[in-house]
Amino acid sequence: DQFKTMKNLRKTKKLLKHRFWTEIYDGAKMFYFSGCVNGKYLKNEVKQLTLFVSRVKYRPLVWRNTHPYLVVDRHEDLTHPNLLADNPS
């Protein structure tokens, strides 16, 4: 996303973080990627995410155990149409 000001970016991140906390659990960790460069994420950001995931100690999620189903209002397929035409399987 391209935000006009850093203040707007910080406000949006804070809003997303609090919404995430209310829907999942308080203190859930979120990672923000700054965007793609030449179709790839920045190496340092991916490295930070992988290091955190490899070291995290998972807690049992009460919400997930009590809600075995999830409703999705939109699913978007990002596969390029030419790839589907070349390889239908």
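For the charge count used below, Lys and Arg are taken as positive and Asp and Glu as negative, while His and the chain ends are left out. The structure treated in these exercises is a predicted model.

**Exercise 1. Charge distribution**

Determine how many positive and negative charges the protein carries and how far apart their mean positions are.

Solution. Under the convention just stated, the protein has 17 positive and 8 negative charges. Averaging the places of each set and taking the distance between the two mean positions then gives 14 Å.

**Exercise 2. Fold and overall dimensions**

Describe the order of the secondary structure elements, and compare the radius of gyration of the protein with that of a compact globule of 89 residues.

Solution. The inventory comes first: the protein contains 4 helices and 2 strands, and these follow one another along the sequence as α-β-β-α-α-α. The next step is the radius of gyration, which is 17 Å for the protein, whereas a compact globule of 89 residues would be expected near 12 Å. The C-alpha trace, for its part, spans about 45 × 40 × 30 Å along the principal axes. Turning to burial, 2% of the 89 residues are buried, and the exposed surface comes to about 9,200 Å², of which carbon and sulfur atoms supply 56%. Finally, among contacts with a separation of 6 or more, 17% join residues that lie 24 or more positions apart.

**Exercise 3. The salt bridge**

Find which residues form the salt bridge, and work out how they are placed in the helix and whether each is exposed or partly exposed.

Solution. A search of the whole structure returns 1 salt bridge, and its partners are glutamate 23 and arginine 19, whose closest N and O atoms are 2.7 Å apart. The general principle is that side chains of opposite charge can pair when their charged atoms come close. Both residues belong to helix H1 (residues 6-23), and because they are 4 residues apart there, about one helical turn separates them. As for accessibility, arginine 19 has a relative value of 54% and therefore counts as exposed, while glutamate 23, at 40%, counts as partly exposed.

**Exercise 4. A positive phi angle**

Locate asparagine 38 among the strands and classify its exposure.

Solution. Asparagine 38 sits in the loop that connects strand E1 (36-37) with strand E2 (40-41). Its phi is near 55 degrees, which is a positive value in a residue other than glycine. With a relative accessible area of 77%, asparagine 38 is exposed, since the cut-off for that class is over 50%.

**Exercise 5. Two pairs of positions**

For leucine 61 with cysteine 36, and for lysine 4 with histidine 67, set the sequence separation beside the C-alpha distance.

Solution. Leucine 61 lies in the loop between helix H2 (43-55) and helix H3 (62-66), and because its relative accessibility is 24%, it counts as partly exposed. Leucine 61 is 25 residues from cysteine 36 in sequence, and their C-alpha atoms are 31 Å apart. Lysine 4 is found in the segment before H1 and is exposed, its relative accessible area being 81%. Between lysine 4 and histidine 67 the sequence separation is 63 residues, and the C-alpha to C-alpha distance is 38 Å.

Conventions
Residues are numbered from 1 along each chain as its sequence is written. This is a predicted model: local features need pLDDT of at least 70, side-chain atom pairs count only at pLDDT 80 or more; totals for chains, interfaces and linings use all residues. Side-chain values use heavy atoms; hydrogens and water are left out. The radius of gyration is taken over C-alpha atoms; the globule rule is 2.2 Å times the number of residues to the power 0.38. Buried means under 20% relative accessible area, exposed over 50%, partly exposed in between (1.4 Å probe, protein chains only). Contact means heavy atoms within 4.5 Å. Accessible areas come from the Shrake-Rupley method with a 1.4 Å probe; for residues, only the protein chains shown count as cover. The place of a charge is taken as NZ of Lys, CZ of Arg, CG of Asp or CD of Glu. A salt bridge is a side-chain nitrogen of Lys or Arg within 4 Å of a carboxyl oxygen of Asp or Glu.
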